[in-house]
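User: I am new to this structure and would like a close look at its charged side chains. Please explain how they pair or group, and set them within the chain as a whole.

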Amino acid sequence: MSAQSLAKKQEQILAHEEALANRLALAVLDKPTPPIWMILIPIFFVFYAWKLKQYSNGLKDFARHYLISRRRALEAAVAAEETGKQVDIGALVEAAGTNIPEQAKPLYQDWMQLLTEHYLSLLSAQGTSYAALVRNRYQDKTSYLLCNSQLSRAELVFGKALVPQIQGDMTDLLDVLERMEKALADLHRQESERIFS
């Protein structure tokens, strides 16, 4: 495979992941809605505008953090495709650094293994768009949904292992994970309908 076509596929996969991250952020984070009276009193509307700016920054931060591991996994998959060597999953775990508690590292490793396998399969597929890569690799909607389900489940298990280490209300944190799981399932279903229609 030429370096140019590999770079193009990498770009398409990353663009897809970025778009998914943005849609997921919109589905998970609650947009502030002002009471009608707030709009009528300018000083309170300034407060609402400030909250809206926080929300907008929150969407960007969510998407940026959501993509960190995915970018690393994709870069590792591209490097493996270029060199013909296997992906060094241990290096991906190490790159995550001390942010991951020891007991969660095997779960992160499992997720990275699945994610890099998915990326490698897309990088080796034929196609001029992300949708074409998916169609050529997975052949049908069911196979693609199964792959996304496995990836989501591995990420969720890893996320739940991190919850005790995160400051905040345990119920709220688990609620966010549950909302992410549901939103991802919905987004993947919509996406597969589009790709395989």
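Analyst: The answer below begins with the whole chain, turns to the charged side chains, and ends with a few other places.

The model is a predicted one, in which local features need pLDDT of at least 70 and side-chain atom pairs count only at pLDDT 80 or more, while totals for chains, interfaces and linings use all residues. Residues are numbered from 1 along each chain as its sequence is written, and side-chain values use heavy atoms, with hydrogens and water left out.

The protein chain holds eight helices and zero strands, where helices (H or I, at least four residues) and strands (E, at least two) are DSSP runs numbered from the N terminus. Read from that end, the order of elements is α-α-α-α-α-α-α-α, and the C-alpha trace spans about 65 × 40 × 30 Å along its principal axes. The mean pLDDT, the predictor's confidence in each residue on a scale from 0 to 100, is 88 for the protein chain, with 91% of its residues at 70 or more. Among the elements, helix H5 (residues 105-123) has the highest mean pLDDT, at 97, and helix H2 (residues 36-40) the lowest, at 62. Of the 197 residues, 38% count as buried; buried means under 20% relative accessible area, exposed means over 50%, and partly exposed lies in between, with a 1.4 Å probe and protein chains only.

With that frame in place, the salt bridges can be taken in turn. A salt bridge here is a side-chain nitrogen of Lys or Arg within 4 Å of a carboxyl oxygen of Asp or Glu, and by this rule there are nine salt bridges. One of them joins Arg70 to Glu17, with the closest N and O atoms 3.8 Å apart. This pair links distant parts of the chain, since Arg70 belongs to helix H3 (residues 42-83) and Glu17 to helix H1 (residues 3-28), 53 residues apart. Both Arg70 and Glu17 are buried, and the two are linked with Glu155 in a network of salt bridges.

Another salt bridge is formed within helix H3, where Asp61 and Arg64 stand three residues apart, about one turn of the helix. Their side chains meet at 2.8 Å, N to O. Asp61 counts as partly exposed because its relative accessible area is 36%, and Arg64 is also partly exposed because its value is 47%.

Helix H8 (residues 170-195), the helix that holds Asp175, has a salt bridge of its own. Asp186 and Lys182 both lie in this helix, four residues apart, about one turn of the helix, and their closest N and O atoms are 3.1 Å apart. Asp186 has a relative accessible area of 26% and is therefore partly exposed, whereas Lys182 reaches 54% and so counts as exposed.

Charged side chains also group without pairing. Asp169, Asp172, Asp175, Glu178 and Glu181 form a negative surface patch. A patch is made of residues with over 30% relative accessible area and no salt bridge, like charges being joined within 9 Å and nonpolar side chains (Val, Leu, Ile, Met, Phe, Trp, Tyr) within 5 Å. For this purpose Lys and Arg count as positive and Asp and Glu as negative, with His and the chain ends not counted, and the place of a charge is taken as NZ of Lys, CZ of Arg, CG of Asp or CD of Glu. The areas come from the Shrake-Rupley method with a 1.4 Å probe, and for residues only the protein chains shown count as cover. Within the patch, Asp175 is partly exposed because its relative accessible area is 36%.

A few uncharged residues help to complete the picture. Val134, found in helix H6, counts as buried because its relative accessibility is 0%, and its C-alpha atom is 9.9 Å from that of Ile13, although 121 residues separate the two along the chain. Trp50 lies in helix H3 and is partly exposed because its relative accessibility is 47%; its C-alpha atom and that of Gln113, 63 residues away along the chain, are separated by 41 Å. Finally, Gln139 sits in the loop between helix H6 (130-138) and helix H7 (141-162), where it has a positive phi of about 70 degrees although it is not a glycine. Gln139 counts as exposed because its relative accessibility is 58%.
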